Amino acid sequence: MKILLAEDQAMVRGALAALLTLAGGFTITQASNGDEALSLLKQQHFDLLLTDIEMPGRTGLELAAWLKEQHSQTKVVVITTFGRAGYIKRAIEAGVGGFLLKDAPSETLVNAIQQVIAGKRVIDPELAIMAIGDVDPLNDKERRALRFASEGKSTAEIAEMLFIAEGTVRNYLSEAIAKLNASNRIDAARIAKQKGWL
């Protein structure tokens, strides 16, 4: 079974790769960020994408959404430190087959991968209940602009990265600020991150 492991923290990525290699039956390819993972997904077929959510470049949820748009047969398991309701809800909407916290036992991860490959969905029941709560008011364009702003990017840099005009970036950020009842872009990013919407 070919697995693409996307995780930006080298130590965590190495430990996960070693764990899966020891479990046997898995061929592991590693990516250190979301953009590298997307490039690999475009170049070759993987049975499963095992991804973190928060990474430089594209997030794990953006990778899952891209796979869904491509009608890919690649299954997705998300591993994260944060069990935020917004993350879980977005993961489910993106067709993610598994959603696990990084502090879960190693046997749980191997079992979840096997179940997801078999076509089942593996999401911790408590996390699933959390996902029913908050509604994410941001659209994808506002979310991406806000995420880049939270990384300290200027309006001009965001415009260049998203291939849009600076005025459009300002509009997206203004909309996000208004929707989140925030005082500025930093406050909006903080609120969105806490809710798992970013």
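Which residues lie nearest the centre of the largest pocket? I began my notebook with this point, working throughout from a predicted model.

**Entry 1: the pocket**

I found that L61, E62, A65, E69 and D140 lie nearest the centre of the largest pocket, among the 15 residues that line it. I noted a volume of about 430 Å³ for this pocket. I then sorted the lining by residue type and recorded 5 nonpolar residues, 10 charged residues and no polar ones. I looked up which elements build the lining: helix 3, helix 4 and helix 7 (140-150) each supply at least two residues. Helix 3 gives the most to this lining, with 6 residues.

**Entry 2: the domains**

I consulted the domain assignment, which gives domain 1 (1-130) and domain 2 (138-193). I recorded that the contact takes 7 residues from domain 1 and 4 residues from domain 2. Their centres, taken over C-alpha atoms, are separated by 26 Å. I next asked where the largest pocket lies with respect to the two domains. The largest pocket lies between them, because domain 1 and domain 2 both give residues to its lining.

**Entry 3: helix 3**

I returned to helix 3, the element that gives the most to the pocket lining. Is helix 3 mostly covered or mostly uncovered? I found helix 3 mostly covered, with 7 of its 10 residues buried. The buried residues are G60, L61, E62, L63, A64, W66 and L67. Of these, I noted that L61 and E62 also stand among the residues nearest the pocket centre. I listed what covers the buried residues of helix 3, and the cover includes helix 2, strand 3 (48-51), strand 4, helix 4 and helix 7.

I then followed the chain past the end of helix 3. H71 follows the helix and has a positive phi, near 55°. Q70 lies in the loop that joins helix 3 to strand 4. I classed Q70 as partly exposed because its relative accessibility is 43%. I also recorded a separation for Q70 and G152: they are 82 residues apart in sequence, and their C-alpha atoms are 31 Å apart in space.

**Entry 4: the nonpolar cores**

I looked up the largest nonpolar core, which has 26 residues. Its members L4, L41, L49, L63, V76, V78 and F99 touch the most other members. I noted that strand 1 (2-6), helix 2 (34-43), helix 3 (60-69), strand 4 (75-80) and helix 4 (85-93) each supply at least two residues of this core. The largest share, 5 residues, comes from helix 3.

I chose L49 for a closer look. Which residues does L49 contact, leaving aside neighbours within four places in sequence? I recorded L4, A6, L41, L63, L67, T74, K75, V76 and V77. I then noted a second, separate core of 21 residues, with I177, A182, A192 and W197 among them.

**Entry 5: the loop before helix 7**

I closed with D136, which is found in the loop between helix 6 (125-131) and helix 7. Which residues does D136 touch, not counting those up to four places away in sequence? I found R90, R143 and W197. W197 had already appeared in the second core. I also looked up D136 and A192, which are 56 residues apart along the chain, and their C-alpha atoms are separated by 8.6 Å. A192, too, is included in the second core.

Terms used: Residues numbered from 1 in each chain as written. Predicted model: local features only at pLDDT ≥ 70, side-chain atom pairs only at ≥ 80, totals over all residues. Heavy atoms only, no water. Core = buried A, V, L, I, M, F, W, Y, C linked by side-chain atoms within 4.5 Å. Buried < 20%, exposed > 50% of the residue type's maximum accessible area, 1.4 Å probe, protein only. Helix = DSSP H or I, 4+ residues; strand = E, 2+ residues; numbered from the N terminus. Contact = heavy atoms within 4.5 Å. 1 Å grid on protein atoms, 1.4 Å probe; cavity = no way out; pocket = protein on both sides within 12 Å on 5 of 7 lines; lining within 4 Å. Points joined across faces, edges and corners; volume = space filled by probe spheres on them. Nonpolar A, V, L, I, M, F, W, Y, C, P; charged D, E, K, R; others polar. Domains from an automatic or database assignment.
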